[in-house]
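This report looks at side-chain contacts and salt bridges in one protein chain. Please keep the sequence and the model at hand while reading.

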Amino acid sequence: MKVTQKEKDSEKIIWDQMRTSSGSQQNRALPKLMVWLVLFVSATYIVYTLKLLSRSSCNNNDNVFSNDLVIHASEINSSKPNMPLLVNDDSVEEKTGLEHIVFGIAASAKLWDKRKDYIKLWWKKEEQMRGIVWLDKPVKMAKDDRGKLPELRISGDTSRFLYKNRQGHRSAIRISRIVSETLRLGMENVRWFVMGDDDTVFVTDNLVRILNKYDHNQYYYIGSLSESHLQNIYFSYSMAYGGGGFAISYPLAKALEKMQDKCIQRYPGLYGSDDRMQACMAELGVPLTKEVGFHQYDVYGNLFGLLASHPIAPLVTLHHLDVVEPIFPNVTRVQALRRLTVPMKLDSAGLMQQSICYNKANGWTISVSWGFAVQIFRGELSAREMEMPSRTFLNWYKRADYTAYAFNTRPVARNPCQKPFVFYLSNAKMDPSSNQTVSQYTRHRVPHPACKWKTTDPAGVDRIQVYKKPDPHLWDRSPRRNCCRVLSSKGKSMVVDVGVCREGEVSEV
């Protein structure tokens with residue numbers, strides 16, 4: 001099909017008109033877009049400027065307010081120059097002290113005259129100590145005892161409670177209620193209730209150190225187990241033994257008091273007070289927080305092995321002192337404990353803490369239980385062996401069965417050459433010039449069998465002198481044994497230094 005020239009011209013005219021109209025539309029839309037863009041930028045600028053102005057106004061007001069405060073403070077200071085402005089920070093609470101602890105001591109009238117002397121050893125009325133001795137019957141208070149013992153009270157009647165254990169005694173119910181009865185006295189500013197027996201001896205400074213680790217506003221049930229594995233199986237591995245002592249925070253004591261009488265009624269078949277207490281703690285959902293410095297000492301015989309290898313923890317209590325031998329030889333039990341109070345006053349944190357070192361020249365192993373005893377062994381024994389208690393005691397069931405303990409022990413050496421030479425504490429004092437404690441240990445003279453080893457005989461040493469700086473913050477750091485160093489060993493005496501381990505110092509054979 002052919003297209004004429006006339007048709008081509010008309011088509012060209014139409015296309016030119018279309019181009020002209022579209023171009024004119026684009027030219028008209030462009031100014032409108034520019035106008036909207038300018039309006040948007042202007043609005044954004046105005047809003048931003050208003051915000052800056054408002055912030056500046058607020059800052060000026062703050063400055064004016066603070067300036068007013070400064071003016072008022074200066075006016076106060078100028079009118080009363082001797083009245084400085086003090087800021088009270090209530091968020092910083094004072095540390096727990098003896099004044100925040102109330103002791104509940106379980107006692108019986110039958111044994112009172114004998115056991116009250118144990119309480120006198122640690123009771124410190126002059127340090128604002130508070131506590132009650134709860135008895136089953138009235139006793140006579142001697143004139144010499146006044147001011148040396150806590151207040152005496154008679155426990156409440158427990159005849160309404162059932163007791164069905166044929167092997168025990170119903171006094172367990174009375175004793176289990178001591179914390180609740182003490183709480184009902186309404187003493188103020190109490191953070192902790194601490195339970196113990198009349199034959200429990202507390203190292204009160206270490207007790208305070210332990211309790212300061214925990215928030216007294218929370219529920220805490222703190223104590224330790226028996227040394228007897230069989231006792232723990234029979235009663236519970238989740239139970240604090242009351243003779244070794246345990247602590248209950250004030251809020252937990254309040255919760256216990258509300259439910260304890262009903263709780264006790266649900267357990268008439270239990271044996272003692274400790275398991276009744278633990279049963280109620282289980283109902284409250286509170287576990288035992290274990291601190292190994294509380295010592296039940298369910299053993300017989302000589303405590304030497306246990307005390308000479310004390311755990312790396314502060315010594316808090318000693319118990320069953322009527323059952324075991326005196327901790328120092330040739331004296332009564334009370335006299336022995338009174339001797340222990342001398343180093344206790346000098347450095348309670350370090351009491352009974354073991355240090356292990358070696359006298360390479362003589363081929364000896366030295367073990368220092370500070371404030372108690374020093375041992376010299378022929379040969380070089382590893383620290384791993386030395387930190388295990390020697391079985392100088394029998395278990396609670398009077399059997400020589402090393403599997404009956406809830407911790408590792410080592411046998412008493414049968415080889416005559418490995419029998420230790422023991423030096424007991426004889427005296428301790430503070431040297432003010434060097435700010436060190438100086439403790440003397442004298443050899444316990446017992447027959448030693450003949451030894452055929454070709455080594456220097458420790459029998460020539462009569463006394464050992466130990467220097468140690470008091471370390472009240474020992475337990476504020478991570479647990480670690482102190483180190484000891486043999487300074488000299490000449491003739492009949494030896495001098496040893498005990499203290500914090502130096503960089504790179506280890507007890508290596």
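Contact here means heavy atoms within 4.5 Å. The model is a predicted one, in which local features need pLDDT of at least 70 and side-chain atom pairs count only at pLDDT 80 or more, while totals for chains, interfaces and linings use all residues. Residues are numbered from 1 along each chain as its sequence is written, and side-chain values use heavy atoms, with hydrogens and water left out.

**Surroundings of Val139**

With residues up to four places away in sequence set aside, Val139 touches Ala109, Trp112 and Leu152. Helices (H or I, at least four residues) and strands (E, at least two) are taken as DSSP runs numbered from the N terminus, and on that basis Val139 lies in the loop between β2 (130–135) and β3 (151–154). Accessibility is graded by relative accessible area, with buried meaning under 20%, exposed over 50% and partly exposed in between (1.4 Å probe, protein chains only). Val139 has 25% relative accessibility and therefore counts as partly exposed. Although Val139 and Lys110 are 29 residues apart along the chain, their C-alpha atoms are separated by 9.0 Å.

**Salt bridges**

A salt bridge is counted where a side-chain nitrogen of Lys or Arg lies within 4 Å of a carboxyl oxygen of Asp or Glu, and by this rule the count comes to 25 salt bridges. The table lists some of them, with the separation of the N and O atoms.

| Basic residue | Acidic residue | N to O distance |
|---|---|---|
| Arg115 | Asp198 | 3.0 Å |
| Arg481 | Glu387 | 2.9 Å |
| Arg477 | Asp471 | 2.6 Å |

The salt bridge between Arg115 and Asp198 links distant parts of the chain, since Arg115 belongs to helix α2 (residues 112–122) and Asp198 to the loop between β4 (192–197) and β5 (201–202), 83 residues apart. Both Arg115 and Asp198 are buried.

The salt bridge of Arg481 with Glu387 likewise links distant parts of the chain, with Arg481 in the loop between β17 (463–468) and β18 (483–490) and Glu387 in the loop between α11 (383–386) and β14 (393–395), 94 residues apart. Arg481 counts as buried because its relative accessibility is 18%, whereas Glu387, with a relative accessible area of 40%, is partly exposed.

In the salt bridge between Arg477 and Asp471, Arg477 is partly exposed because its relative accessible area is 39%, while Asp471 is buried at 12%. Elsewhere, salt bridges that share partners join Asp113, Lys116, Asp117, Lys120 and Asp145 into one network.
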